[in-house]
Amino acid sequence: MSAQPTICVVTGAARGIGLAFAQLLVARPDTIVYAGVRSLPLAPSRELGVLATGHPEVLFPIKITSGDEADNAAAAATIKARHGMVHVGIANAGVSSGLTPVLQTTAAQMTTDFYINSYGPLLLLQRCSELLLAAHAASPGSAKFVAVSSVLGQITEASNFSWTAYGASKAALNVLVKKINIEMPQVTAFPLHPGTVGTE
Ligand SMILES: NC(=O)c1ccc[n+]([C@@H]2O[C@H](COP(=O)([O-])OP(=O)(O)OC[C@H]3O[C@@H](n4cnc5c(N)ncnc54)[C@H](OP(=O)(O)O)[C@@H]3O)[C@@H](O)[C@H]2O)c1
């Protein structure tokens with residue numbers, strides 16, 4: 001481990017794409033991964049539990065529920081106390097409330113998808129902002145914020161699909177990333193469409 005490892009936080013790391021991020025990141029040299037999950041302790045039999053057991057010095061499960069103030073603040077405080085900075089934040093946690101056409105989409109679907117998919121990444125960025133700026137100050141250009149978005153949030157691509165609330169929440173996420181680009185030039189922020197992945 002070098003004097004200054006790369007400190008990463010990834011949400012929704014218990015399974016799917018977030019777990020894959022955690023698996024790839026722990027395989028990198030000089031990298032510390034905070035793997036966000038909704039509840040702790042992890043079942044040792046779960047894949048992330050196995051990964052954490054195998055990499056106890058570099059992989060730390062941490063409680064981060066998307067959009068939860070207390071979780072995000074506590075996670076940022078823990079990382080600040082240990083490392084003082086975050087180089088890479090990956091807002092991956094996401095949900096879809098379903099394949100529903102415009103006329104049938106409910107307030108509950110809109111609220112859920114926007115809260116978890118749009119506000120969740122925003123709150124993660126807000127609570128980690130001081131730590132991302134510290135990473136930039138220590139090593140200019142090293143601070144990155146990745147929002148796992150979707151092609152369904154792209155206005156020109158969304159028309160053929162009825163993921164109404166989900167697509168709108170990802171479009172909002174894309175706008176938020178653009179705002180981060182404008183207001184926080186010290187942080188390289190970008191949305192990422194992972195492609196169609198056979199997860200749950
Ligand atoms: N799969 C695809 O084809 C695809 C395509 C485009 C974009 N994406 C995006 O990629 C990201 C990951 O998707 P995935 O396919 O890996 O989904 P997934 O298999 O359903 O996994 C979702 C992950 O998010 C976590 N999560 C759900 N609600 C949460 C909340 N309120 N707070 C914190 N964590 C929460 C889940 O935790 P639990 O294990 O506790 O439920 C799980 O770890 C999402 O943002 C999704 O929109 C996926």
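Here is a short walk through the structure, from its sheet to its helices, its loops and its ligand. Bear in mind as you look around that this is a predicted model.

Let us begin with the sheet. Six strands make it up, paired in parallel, and the sheet is open, with the strand order 3-2-1-4-5-6. At its edges stand strand 3 (59-63) and strand 6 (188-192); each has a single partner strand, so one side of each is left without a neighbour in the sheet. Going from one strand to the next, the twist averages 15 degrees.

For a look at one pairing, turn to strand 1 (residues 6-10) and strand 2 (residues 31-37), which run parallel and are joined by five bridges. One place to find this pairing is T6, whose bridge partner in strand 2 is T31. Against the sheet packs helix 2 (residues 47-54), which touches strand 2 and strand 3. The direction of helix 2 makes about 135 degrees with that of strand 3. Helix 5 (residues 164-183), for its part, lies across strand 5 (144-148) and strand 6, and runs at about 165 degrees to strand 6.

Two loops that lead to or from strand 2 deserve a pause. In the loop between helix 1 and strand 2 you will find D30, a residue other than glycine with a positive phi, near 55 degrees. The loop between strand 2 and helix 2 holds P41, and the peptide bond joining L40 and P41 is cis, with omega about 5 degrees.

Next comes helix 4 (residues 107-138). Its 32 residues, at 1.5 Å a residue, should span 46 Å, and the end C-alpha atoms are 44 Å apart, which agrees. Even so, follow the helix along and you will meet a kink of about 55 degrees, centred on C128.

Finally, the ligand. Which residues are closest to it? They are G12, G16, A93, G94 and T199, from a total of 23 that surround the ligand. Helix 1 (residues 16-26) gives the largest share of this shell, three residues. As for chemical character, twelve residues of the shell are polar, eight are nonpolar and three are charged.

How values were computed:
Residues numbered from 1 in each chain as written. Predicted model: local features only at pLDDT ≥ 70, side-chain atom pairs only at ≥ 80, totals over all residues. Helix = DSSP H or I, 4+ residues; strand = E, 2+ residues; numbered from the N terminus. Expected span 1.5 Å × (residues − 1). Bend = angle between axes of the 7 residues up to and from the residue. Near = placed C-beta within 6 Å. Nonpolar A, V, L, I, M, F, W, Y, C, P; charged D, E, K, R; others polar. Pairing = 2+ DSSP bridges. Axes fitted to C-alpha atoms, helices over the stretch in contact; angles between N-to-C directions. Contact = placed C-beta atoms within 7 Å.
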